[in-house]
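Subject: Handing over a structure, with notes

Dear colleague,

I am passing on the structure that you will be working with, and below it you will find my notes. Please keep the structure open while you read, since the notes go through it part by part.

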Amino acid sequence: MARVVFAGLALAGFGAGTASGQTGGAVVGKTYAQSREGQKPQIPSAKGAPNVIWILLDDVGFGASSAFGGQIQTPTFEYLANRGLRYTNFHTTGVCSPSRAALLTGRNHHNVGMGLLPQSLMAAEFPGYTGRLQPKDGTIAEYLRQRGYGTYMVGKWHLVPGDEATDLGPFDRWPTGKGFDHWIGFMGGATDQYKPDLVEDIQQVKPDGRHLNTVLADKAIFYIDRQRKLAPDKPFFLYYSTGAAHSPVQVDREWIDKYKGSFDQGWDVYRERTFARQKQLGVIPANAKLPPRSMRVPAWNSLSADRRKVYARHMEAYAGFLEQTDFEIGRVVSHLKEAGQLDNTVIFLVIGDNGGDIGGGANGEVANHFPRQITEDDEAQVAEALRNYDKIGTGAAFSNYPMGWSQATNTPFRDWKTEANSEGGTRNPLIVFWPQGLTAKGEIRNQYSYLTDILPTTLELTGTAPPATVKGVEQSPLQGVSLTYSFTAPAAPSRHSTQYYYLFGTGAIYHDGWKASFGYRPDFVDLFWACPSPQSPPNLAGKQAWELYNQNDDPTETVDLARKYPAKLAQMQTLFAAQAEVNHVYPLINWSDLYPRFQRLWQSADPAGVAANRRCGDAKPGRQG
């Protein structure tokens, strides 16, 4: 029987303390002899509590990492998984900022105003879509700092509106305003890996040419060592949020060349091999079925030699990027081990804030075309990639792989990032590692879990009661469920029984093993990769086509039961509506609602309409979705 040692921390001197700037009980006379000093403010102490690291990767599908059956070597992730717990039924929102908001606050993304992204092109002045985190929705860093932890962050933030992201602030929603003592990273959704838009605390930092993954690992080690030197009894919390493997895919060529030829057989073979490996590892059930390849992705064998060459190189670059990310994270893990700190460090590793990305469209990217309109047709894009073949994945290009690889790295699930209605967009691997607290090693947990569950789990492990207030502001209720019940009980029923999803016109409701979902088009690919791009796209809001799945029997969503069980579907639809009301999900904003904003942006950047004169030729139907 597995054993944990966290029980009772709150009863062993680990209660949350408070520090005050007031001097209590002082008697002030005219002279010192007539006066009596008061008590110093009590500084909270978390001595003996474990260190905590949250590691969050960006744009990595369930079937990418070798730790979950993928074909990309990630030995650090395997090390953590083989000595900890693999959670196979863990979920994200399906896109970056909403996932980060849900993770850091322990509350649903619409409920904290992050229904889309914080940039003005995406945000809207409805309660669920403002893009502005509020003081009432405190973060894990604020809670653990009140508890007596040192709190640090490295990497991607992406939770600040654009008009608050300059050196003038305000800084309330920057990491240092949301509970982190120190941080280094970037504010937006993506950045160049060699020339990052780097910020430390509240100041811009000039990059020194090193790869961002290396910078983040070095800084994480620096923060850990400095605290150990200055306050050896004080535990630390580190939020380690990589920019990898989000585009631009950029890494030193040696990492790319490690995979030369590894993907020449294509995405169909990748899916089949990964699916078989996942069954061997036990991260998917033996009765799971591999869904058909998306109709929007061509069969690999139907592609021309030029396309296969370009597409395979894109995947070699992505694989090298992810393995290098694993290596840099491994340096931090090794440093903790050498310093004698690893045994009492809890690591939560979330491999992806959503599934694999479709931002590269059908052919992948070698240059940053967004938010400019695409000016080349299908064949021209492939020709451009061939001309720049040697640059793919290096710092000399802005690379992103074709969407066929997105589906492949999301094996065994359907679809991809931004699709909140399918597991390919919303199911990601979770690894929990804690040598001193867990005796279960290399075991698998299949309980349903969600991003909001990690915060309450962390609070329980550190003996921290959810604070009633932060800086005098009353806190809203947490919405996650602690996962500690599953540490010692592999077969325990899931305690997170209900969860809604919604993004960009796609949505779902999960309840006790059943899932009802909906989606419609046009979607991101239809609108932003079509050539020519539509001028007045249809808007099918309110005309959702619902599907129904029993995930206990069909975890990969291959059998739609909507017609067979109409009463069950109606029940699930009612539940979705109730959750949508409670969490401020309405109005259901979709891509067609947002598209005119991008059209206005393009028009302002190109008033002469030059971009409209594009060379689309006889663009293939598949090019438009």
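In what order do the ten strands of the open sheet with mixed pairing lie? Bearing in mind that this is a predicted model, the order runs S7-S6-S5-S4-S8-S1-S9-S10-S2-S11. The edges are formed by strand S7 (203–205) and strand S11 (443–445), each of which pairs on one side only, and neighbouring strands are turned by 15° against each other on average, with direction ignored.

Within this sheet, strand S4 (residues 150–156) is a good place to begin. Seven of its seven residues are buried, so S4 is largely enclosed by the rest of the structure. Six bridges join S4 to strand S8 (residues 236–241), and these two strands run parallel; there, Thr151 has Phe237 of S8 as its bridge partner. S4 is also joined to strand S5 (residues 182–186) by five bridges, again in a parallel sense, with Tyr152 standing opposite His182 of S5. Elsewhere in the sheet, strand S9 (residues 345–350) and strand S10 (residues 430–433) pair in the antiparallel sense over four bridges, and Ile347 stands opposite Phe433 in S10. Helix H7 packs on the sheet, where it touches strand S1 (51–56), S8 and S9, and its direction makes about 165° with that of S8.

The next topic is the nonpolar interior. The largest nonpolar core has 117 residues, and those with the most contacts inside it are Leu57, Leu238, Tyr240, Trp405 and Ile431. Helix H7 (residues 305–338) gives the most to this core, with 13 residues. If neighbours within four places in sequence are left aside, the contacts of Ile431 include Phe68, Phe77, Leu80, Ile347 and Phe348. There is also a second, separate core of 47 residues, which includes Phe348, Leu438, Leu459 and Leu483.

H7 also meets other helices. Its axis and that of helix H1 (residues 75–82) come within 8 Å and cross at roughly 50°, and H1 and H7 are therefore oblique to each other. The contact is made by Pro75, Thr76, Phe77, Tyr79 and Leu80 on the side of H1, and by Asp326, Ile329, Gly330, Val333 and Lys337 on the side of H7; these residues divide into six nonpolar, two polar and two charged. In helix H8 (residues 378–387), the buried residues are Asp378, Ala380, Gln381, Val382, Glu384 and Ala385, and H7 is included in what covers the buried residues of H8.

Finally, there is an open sheet of four strands, in the order S15-S16-S17-S18, with antiparallel pairing. Its edge strands are strand S15 (498–503) and strand S18 (545–550), each pairing on one side only, and the twist averages 10° from one strand to the next. Strand S17 (residues 514–519) is joined to S18 by six bridges, the two running antiparallel, and Ala516 stands opposite Leu548 in S18. Helix H13 (residues 566–582) packs on this sheet, touching S15, strand S16 (506–511), S17 and S18, and the direction of H13 makes about 105° with that of S16.

With best wishes

Methods: Residues are numbered from 1 along each chain as its sequence is written. This is a predicted model: local features need pLDDT of at least 70, side-chain atom pairs count only at pLDDT 80 or more; totals for chains, interfaces and linings use all residues. Side-chain values use heavy atoms; hydrogens and water are left out. A nonpolar core is a set of buried Ala, Val, Leu, Ile, Met, Phe, Trp, Tyr and Cys residues joined through side-chain atoms within 4.5 Å. Buried means under 20% relative accessible area, exposed over 50%, partly exposed in between (1.4 Å probe, protein chains only). Contact means heavy atoms within 4.5 Å. Two strands pair if DSSP finds at least two bridges between them. Axes are lines fitted to C-alpha atoms, for helices over the stretch in contact, and angles run from 0 to 180 degrees between N-to-C directions. Angles under 35 degrees count as roughly parallel, over 145 as roughly antiparallel, 65 to 115 as roughly perpendicular and the rest as oblique. Ala, Val, Leu, Ile, Met, Phe, Trp, Tyr, Cys and Pro count as nonpolar, Asp, Glu, Lys and Arg as charged, and the others, Gly among them, as polar.
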